Amino acid sequence: MSARKLWIALGRSTAGEIVIDDGAREAITQRNTSLLAAGVLAVSGSFAPGDAVVLKDRSGAVVARGLTELSAADLQRVKGLKKSQIEAASPQLAGKEVVHRDHLVIL
């Protein structure tokens with residue numbers, strides 16, 4: 001694991017938690033993809049873009065940690081929405097990932 005990934009995994013305190021669905025868990029853990037808003041079920045905490053967050057599955061098990069590209073408030077607005085729905089509801093957030101795979105550490 002690179003020094004940057006270790007820093008994301010262990011070196012930063014987290015500002016919030018994101019609960020993800022089973023499809024998102026499989027995508028980030030087995031297909032090495034970024035976390036998209038469509039896979040988000042719940043958001044807690046108060047975080048800004050660039051803050052560290054914990055990703056948990058429905059059961060509450062920690063799946064990963066990462067640096068978010070969205071604030072908690074923005075993610076609340078778009079959680080569970082597909083790309084086309086985000087473009088219609090919040091055009092300024094269109095195309096953004098919740099956590100890019102380069103800023104994601106599977107635990």
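Of the contacts in the chain with a separation of 6 or more, 68% are between residues 24 or more positions apart. Keep that in mind as you turn the structure around, and remember that this is a predicted model. One such pairing of distant positions is N32 with R101, which are 69 residues apart in sequence. We will come back to that pair below.

Let's start with the overall layout. The chain is built from four helices and five strands, and following the sequence from its start gives the order α-β-α-β-β-β-α-α-β. The chain is as compact as a globular protein of its length, because its radius of gyration of 13 Å is close to the 13 Å that the globule rule gives for 107 residues. If you draw a box around the C-alpha atoms along the principal axes, the box is roughly 40 × 25 × 25 Å.

Next, consider what is covered and what is open. Buried residues account for 39% of the 107 residues. The accessible surface of the chain adds up to about 5600 Å², and carbon and sulfur atoms contribute 50% of that surface.

Now let's visit a few residues, beginning with N32. You will find N32 in the loop between α2 (22-30) and β2 (40-45). N32 has a relative accessibility of 51%, and since exposed means over 50%, N32 counts as exposed. Its backbone is worth a look too: N32 is not a glycine, yet its phi is positive, at about 55 degrees. Which residues does N32 touch, leaving aside its neighbours within four places in sequence? The answer is A27 and R101. For N32 and R101, the C-alpha atoms are 6.7 Å apart in space.

Further along the chain, A73 belongs to helix α3, which covers residues 72-78. A73 has a relative accessible area of 45%, so this alanine is partly exposed. From the C-alpha atom of A73 to that of A42 is a separation of 12 Å, with the two positions 31 residues apart along the chain.

Helix α4 spans residues 83-89, and K83 is part of it. Is K83 buried or exposed? With a relative accessible area of 57%, K83 is exposed. After this helix comes S90, in the loop between α4 and β5 (99-106). S90 has a relative accessible area of just 6%; buried means under 20%, so S90 is buried. Setting aside the neighbours within four places in sequence, S90 is in contact with R77 and V78.

K83 also leads us to the largest pocket, since K83 is one of its lining residues. The pocket holds about 150 Å³ of space. Its lining draws on several parts of the sequence: L36, A37 and A38 contribute, along with L81, K82, K83 and I86, and also L93, A94, G95, K96 and E97. What kinds of residue make up this lining? Seven are nonpolar, one is polar and four are charged. Two of the lining residues, K83 and K96, are 13 residues apart in sequence, and their C-alpha atoms are 9.1 Å apart in space. With the pocket on your screen, you can trace K83 back to helix α4 and then follow the chain on to S90 in the loop between α4 and β5.

Notes:
Residues are numbered from 1 along each chain as its sequence is written. This is a predicted model: local features need pLDDT of at least 70, side-chain atom pairs count only at pLDDT 80 or more; totals for chains, interfaces and linings use all residues. Side-chain values use heavy atoms; hydrogens and water are left out. On a 1 Å grid over the protein atoms alone, a cavity is a set of points where a 1.4 Å probe fits but cannot get out, and a pocket is an open set with protein on both sides within 12 Å along at least five of seven lines; lining residues have an atom within 4 Å of a point. Grid points are joined across faces, edges and corners, and a volume is the space filled by probe spheres set on the points. Ala, Val, Leu, Ile, Met, Phe, Trp, Tyr, Cys and Pro count as nonpolar, Asp, Glu, Lys and Arg as charged, and the others, Gly among them, as polar. Helices (H or I, at least four residues) and strands (E, at least two) are DSSP runs, numbered from the N terminus. The radius of gyration is taken over C-alpha atoms; the globule rule is 2.2 Å times the number of residues to the power 0.38. Buried means under 20% relative accessible area, exposed over 50%, partly exposed in between (1.4 Å probe, protein chains only). Contact means heavy atoms within 4.5 Å. Accessible areas come from the Shrake-Rupley method with a 1.4 Å probe; for residues, only the protein chains shown count as cover.
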